[in-house]
Structure formats: structure tokens, C-alpha cells
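Me: Please take a close look at one part of this predicted model, namely how two helices lie against each other, and then carry the description on into the rest of the assembly.

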Amino acid sequence: MENLLRRIGGRTLGRFQTLGRATIMWIQAMGWIPKTGEWSLLIRQVYSIGVLSIVIIGLSAFAIGAVLALQFYTQLSRFGAEDAVGAGLALVLLRELGPVVTGLLFAGRAGSAITAEIGLMKTTEQLSIMEMMGVDPLRRIVAPRLWGGIISMPLLTAIFNMVAIYGGVVVGVQWLGADAGGFWSGMQSAVEPLEDIGKGMVKAAIFALVVTWVAVFQGYDCEPTAEGMGLATTRTVVTSSVLILAIDFFLTLLMYGDF
Amino acid sequence: MRQDYVIEVEDLCFVRGEKVIFDHLNLKIRRGAITAVMGPSGTGKTTLLRVIGGQLKPDSGRVLLNGKDVCTMSRDELFRARRDIGMLFQTSALFTDMNVFENVAFPMRVHTDLPEDTIRDLVLMKLNAVGLRGARDLKPSQLSGGMARRVALARAIALDPDLIMYDEPFTGQDPISMGVILTLIRDLNDALGVSTLLVSHDIHETASIADYLFVIADGKVIGEGTPNELRDHPSSRIHQFMHGDPDGPVPFHYPADDFRFDLLSEVE
């Protein structure tokens, strides 16, 4: 019994220590203001984290938009309400699926890559030698990736929303034959710029912060072995995904809850 | 006034978990000389380099780098102080996303405002010193272990440091690479007037270039002196280590029950 309590206590303390280390790292990295010559580090990260994720985000968005349009059309056409397909599609995407699915895809594609890259640098002592050269890895490696993710993900979410709506148009309007005028006017009247687009982008920014924080920390804090790197990469994807879904619930409750 | 010693380790204690790595360790590294710290594997040689470089904090004691205590420096002070230290890791630790030229240019680009053509000239000079000017465009994955270590050495001297620290520089090297690295360590020390701290358990190679040796075991310095003094040292532990005797104070056999008893006992 005593051993069990000791183990639980030890693990709890360990979790708090990890959270403390992660918070200190986050504060130090977030305070990074690029000097002359350091902007290229940020631009390179926006490219590798953001631009290189466009293909997977675009393909997934098109497929999701198409499926949503198909479902909406099938259900709504039974009541003769095909014109509401555009409105339903836009609201679901802008408020929920856009930020959430982009966040999940981002965690799987860019988050795991960030963790693996930083973890490998740690395992091969590249971070240590950087420290020994008088170069702070938090400024040079962690901060550009953190900011690169925070900048990229909301933009990817916007791209996701646009491509998904296009996928909905292709299936709903061009294939199934919903009226284009009704589709677009329904969407236009249902969507409030601040309420729907704005709040969706706030969600995207918060998810970006969480996913990149988890990804850089897992890489930076991983055990410098092959097994440690594998565990850290898995943890990034699992932790980020769970956090995105949990935070989304609370954000939706705060933003749209009527209580 | 410049001090005689570039590093002074005073009463250093370092414990990791239950294991005592350093138990009131004292040693001084003379300026301008090649000093080697030797000892069996697992005695904390690499840990000592990391404590000197401020990457690990000791439990007690002081580590003076040019008279300033590394252990009490702020993060910024520490990063500034490290610019005067060149370090060569056992793994070479080259940046895998950069080619050889960019690896050597990295410290110059980060710490100086030198124009690009000056950086180019300096990098080529450093690479020429290690014999790899022609390999400037290769990626680290295209280099052999020996070449990677020479590139890491060129990078370590990029900012003309006061002190170069080598962590097991001879491990895993073929005889030719070994000869090249030995020559480079000696020549760079003499030509650049730097101080050199080398940790290794390769006795013959280390003794052939070191001016002064420390042998550490059980967290303490158990012997020090010039290579010749240590070869004839009266202590049986140092004699065993310096001559590579398989048995002695450090026993060949891991502690076990009596061999005859073991053989005659029943299989469990």
C-alpha cells in the first residue's frame, strides 16, 4: 500500500515537473523576437510546416467537403430544403470541422515531423553542441518552429475551409444539382463573419499553439535514444489530438453555449 | 593578468541518482598545454566536460573558467563564456541539414558580423587546416567517421577559442584517421596557442601528445603527472590502467561465488 502511494505520488510529481519544464520552455521560446538574419529561420519553418502541409490539407478538405455536401443534400432534399446545403456546410466547416480536422492533420503531419526533427538533433548531440557554441537552441531551433506552427495553422485552416466548401460545391451543386443561387445565398445569409469565421480562426490559433507546443516540447525533452524518439513522436500525435478534441468542446461551450 | 590555469575544478561533487560521479574532485588545467583526463569507462569523463561547459550543474564545488565560476553564471553569461570554448563531441555532432562549409561557417555567422567573403576565406582556411577544403560541399552523411571528426574540429576552432575540449576523439578511428587527429590536436594547440583538455581512455594515443595527465577513478583524481611519471607510478591501480593489465586492483572477474561451488551446484 505504501509502495503504491509512493508510486502515485512520484508519478504525480513527475507530471508536474514535466509541465513546469514545458511551461518554462514555452515562455522562453514565445519571447523570441527574430534579429536581423533570423527571419530566414522563421520563413523556412513556415515553408516546411505550413506550405508542405497544403497538399494533405487540401485533399482531406476536398473529401470532407464532398462527403458533407452529399450527406446534407441526401437528408435535406427529403424535406425540399436543398438550398440549406450551403449554409449547413459552411457553418459546420467554419465553426468546427475546419479548425478541428486541420489541427488533427497538422498534429499528424507537421507535429510529428517537428518532434522527430528536434528529437533527432538531441539524440545526435546537435542541440548540445549548439549550446556549447554559445547558441541557444531555444532561440535557434525551438522558437522558429513554435512560431512557424502558430503562423501556419490558422492559414491552413482558412485553406481547408475554402477547399472543403469547393468540394461541397462540386458534389452538391455540380453533381447532385442543388441550385447554385440558393447554395451561395443560403451560405451568405447564415454565416456571420465575426461569429463564425472569426471564432473558428480563434480556435485554429489556440489549436496551433497547443499542437506546436506539444510537438517542440516532446522533441526537446525526449530521451535521446531511438526508442525515446519513437515514444516522443507517438506522444505528440496522441496528446495533441486528445487536447484538440477536449479544448474544442470547452471553446465551443464558451463561444456558442447558451447558458 | 592572465592566470596560469584556464580551468580550475575545486572540490567538485556530482551525484546522479544514487551514484556518486565526483567526490570532491580537484584538478587544474594549465593554459597553453594539452591536458588529458583519463580513466576507465563510466568514471564521468564526459560528465566532467559537461560540468566545465556549464551544461550540468554540480551538487557542490566550483568550476572556474578563466577565473569565473561557471556554476554561478547566468544563462546569458554562460552562453557568452562558451564562445571562447571549442568542443569536439565523440559523435562529431555535425548539423545534418548543412553541408561541410555551412557547418564550419555556422559559429561565424551566428556570433560575428563578418562579410560573406571574409567568412568564406576563414572557413576555407579552417578546412584547409584539417585537410578537408576539397570536401566543403559534402553533406555530413557523405563523410567517413574520421572526416566528420575533422570537420567538427574545424568548426570547433572557427572562432579561435581559448580552450578546446575533446571528448574521446580517438574512439572508432582507423589508424590513419587516428594519426591525422593526433597530429591535428598537437599542431592546433601549438599553432593557435590554445589550451587543450582531452578526455579519453586510449592510453597510448593520449600519452603520446599530452603534456600532463590526470587519472580519475571512483570520483577522485587517483594520479597525475606527465605521461612518463605516470607510466612509472608506484600505485598499482595507475600501473594497471597505464599498462592495460587485464587483472589487478580492477579485477578481471565480476564478483561471483566460488567457481568450483558454482560448477558443482545443481541446476535450479
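Reply: In this predicted model, H8(A) and H9(A) are roughly antiparallel to each other, because the angle between them is over 145 degrees. More exactly, helix H8, residues 193-221 of chain A, and helix H9, residues 226-256 of chain A, pack at an angle of about 155°, and their axes are 9 Å apart. The crossing in which H8(A) passes H9(A) is right-handed.

On the H8(A) side, the residues that meet H9(A) include Lys199(A), Lys203(A), Ile206(A), Phe207(A), Val210(A), Val211(A) and Val214(A). From H9(A), the residues that meet H8(A) include Arg235(A), Thr239(A), Leu243(A), Ile244(A), Ile247(A), Asp248(A) and Leu251(A). Taken by character, the residues of the contact between H8(A) and H9(A) divide into twelve nonpolar, five polar and four charged. As general background to reading such a list, an α-helix has 3.6 residues a turn, so residues three or four places apart point the same way.

Turning from this helix pair to the contact between the chains, eleven residues of chain A are in contact with 15 residues of chain B. On the chain B side, the elements that give two or more residues are helix H2 (75-82), strand S6 (85-88) and helix H3 (100-111), and the residues of that side divide into eight nonpolar, four polar and three charged.

Two of these elements can be followed further into chain B. In H3(B), the buried residues are Val100(B), Phe101(B), Asn103(B), Val104(B), Ala105(B), Phe106(B) and Pro107(B), and the buried residues of H3(B) pack against helix H4 (116-129) and helix H5 (145-156) of chain B.

S6(B), for its part, belongs to an open sheet of six strands with mixed pairing, in the order S6-S7-S8-S3-S9-S10 of chain B. S6 and strand S10 (220-225) of chain B stand at the edges of the sheet with a single partner strand each, so one side of each has no neighbour in the sheet. From one strand to the next, the twist averages 15°. Within the sheet, strand S7 (residues 163-167) and strand S8 (residues 195-200) of chain B run parallel and are joined by five bridges, and Asp167(B) has Val199(B) in S8(B) as its bridge partner. H5(B), against which buried residues of H3(B) pack, also packs on the sheet, where H5(B) touches S6 and S7 of chain B and its direction makes about 170° with that of S6(B).

Methods. Residues numbered from 1 in each chain as written. Chains lettered and ligands numbered in written order. Predicted model: local features only at pLDDT ≥ 70, side-chain atom pairs only at ≥ 80, totals over all residues. Axes fitted to C-alpha atoms, helices over the stretch in contact; angles between N-to-C directions. Helix = DSSP H or I, 4+ residues; strand = E, 2+ residues; numbered from the N terminus. Parallel < 35°, antiparallel > 145°, perpendicular 65-115°, else oblique. Left-handed = near helix turned anticlockwise from the far one by under 90°. Contact = placed C-beta atoms within 7 Å. Nonpolar A, V, L, I, M, F, W, Y, C, P; charged D, E, K, R; others polar. Buried ≥ 20, exposed ≤ 12 C-beta atoms within 10 Å, placed from the backbone. Pairing = 2+ DSSP bridges.
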